[in-house]
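I am opening a fresh notebook page for this protein. I will start with the overall picture and then follow a few residues.

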Amino acid sequence: QGFDRPASPRPDTPRKEWPIDAMPNAEKLAKKQKYFDKLVDLCVNTPNALIICADFVASTQMQDIRMELRGKAVVLMGKNTMIRKALEMGHLAHPDAGMDVLRSNIRGNIGFIFATNCQLDDIRETLGKHVRDSAAKSGQVAKANLSLPAGPTGMDPSQTAFFQALNIGTKIVKGQIELVSEFPILKQGERVSPS
């Protein structure tokens, strides 16, 4: 005995097909072309620029940076494929500008800050003002070393099971848990574990 596949619930309904004119419309193409022209123009006419990594940067941080740099520099973000295409087109138009080297280094969540009316040090100073500490999330690569210092924790003795589960040496002194030695939690460059 074989098993028959059940009939589709509504055989009279037509399948959805992709529209024949799936090309981007003229408005989208014009928007992309404007972005390409802007990036190439800035690369050719603005010699000073920073390539920034925007990993773990909140939108409010970006907004504050843009507002502070307004009039001094141009912050330009975009999709990597669009940036690569713009730099490829720019390299064909201006082969001596070195955009092919720049194109080969487009990886990750990056953007550009072109210094139009200021120095690069001013931009670095502005970026430094807006750096914020954030909590490490599981799976991310640790940006710094972090460890629990040896000494009193302020926790009562009923919570020793928490430290035993993580293999952290403890002793009880004056009714509270005390760490025997410094315990490293994060090492720079390693992935953050869930525990």
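**Entry 1: one pair of strand partners**

I began with a small detail: P152 stands opposite E178 in β7. I noted straight away that the model I am reading is predicted. The pair made me curious about the strands around it.

**Entry 2: the whole chain**

Before going further I stepped back and looked up the secondary structure. I found six helices and eight strands in the protein. Reading along the sequence, I wrote down the pattern α-β-α-β-α-α-β-α-β-β-α-β-β-β.

Next I looked up burial, and buried residues make up 25% of the 195 residues. For the accessible surface I noted about 14,700 Å², with 53% of that belonging to carbon and sulfur atoms. I also checked how contacts spread along the sequence. Taking contacts between residues at least 6 apart in sequence, 74% join residues at least 24 apart.

**Entry 3: back to the sheet**

In what order do the three strands of the open sheet come? I read the order as β5-β7-β6, with antiparallel pairing. The edge strands are β5 (151-152) and β6 (170-173), and each of them pairs on one side only.

Then I went through the joins. Two bridges join β5 to β7, and these strands run antiparallel. P152 opposite E178, from my opening note, is a pair I can now place in this sheet. On the other side, four bridges join β6 to β7 (residues 176-179), again running antiparallel. Here I picked out I172, which stands opposite I177 in β7. I also picked out T170, whose bridge partner in β7 is L179.

I looked at the turn as well. β6 and β7 form a hairpin with two residues between them. K174, in that turn, has a positive phi of about 55 degrees.

**Entry 4: F163**

From the sheet I moved to F163, found in helix α6 (residues 160-165). Is F163 buried or exposed? Its relative accessibility is 5%, so F163 counts as buried, the cut-off being under 20%.

I then listed what F163 touches, leaving out residues up to four places away in sequence: T153, M155, I168, T170, I177 and L179. Two of these names, T170 and L179, I had already written down as bridge partners. I177 was in my notes too, as the residue opposite I172. F163 and I177 are 14 residues apart in sequence, and their C-alpha atoms are 9.5 Å apart in space.

**Entry 5: the largest pocket**

Now for the largest pocket, with a volume of about 810 Å³. I found 30 residues lining the pocket, and D55, F56, R132, S134 and K143 lie nearest its centre. By class, the lining has 19 nonpolar, five polar and six charged residues.

Which element gives the largest share of the lining? I found that α2 does, with four residues. Both β1 (49-53) and α2 (59-69) supply at least two residues each.

**Entry 6: Q61**

I finished with one residue of helix α2, namely Q61. With 9% relative accessibility, Q61 counts as buried, because that value is under 20%. Setting aside residues up to four places away in sequence, Q61 touches F56, H130, V131 and R132. F56 and R132 were familiar to me from the pocket entry, where they were among the residues nearest the centre.

Note on methods
Residues are numbered from 1 along each chain as its sequence is written. This is a predicted model: local features need pLDDT of at least 70, side-chain atom pairs count only at pLDDT 80 or more; totals for chains, interfaces and linings use all residues. Side-chain values use heavy atoms; hydrogens and water are left out. Buried means under 20% relative accessible area, exposed over 50%, partly exposed in between (1.4 Å probe, protein chains only). Contact means heavy atoms within 4.5 Å. Accessible areas come from the Shrake-Rupley method with a 1.4 Å probe; for residues, only the protein chains shown count as cover. On a 1 Å grid over the protein atoms alone, a cavity is a set of points where a 1.4 Å probe fits but cannot get out, and a pocket is an open set with protein on both sides within 12 Å along at least five of seven lines; lining residues have an atom within 4 Å of a point. Grid points are joined across faces, edges and corners, and a volume is the space filled by probe spheres set on the points. Ala, Val, Leu, Ile, Met, Phe, Trp, Tyr, Cys and Pro count as nonpolar, Asp, Glu, Lys and Arg as charged, and the others, Gly among them, as polar. Two strands pair if DSSP finds at least two bridges between them.
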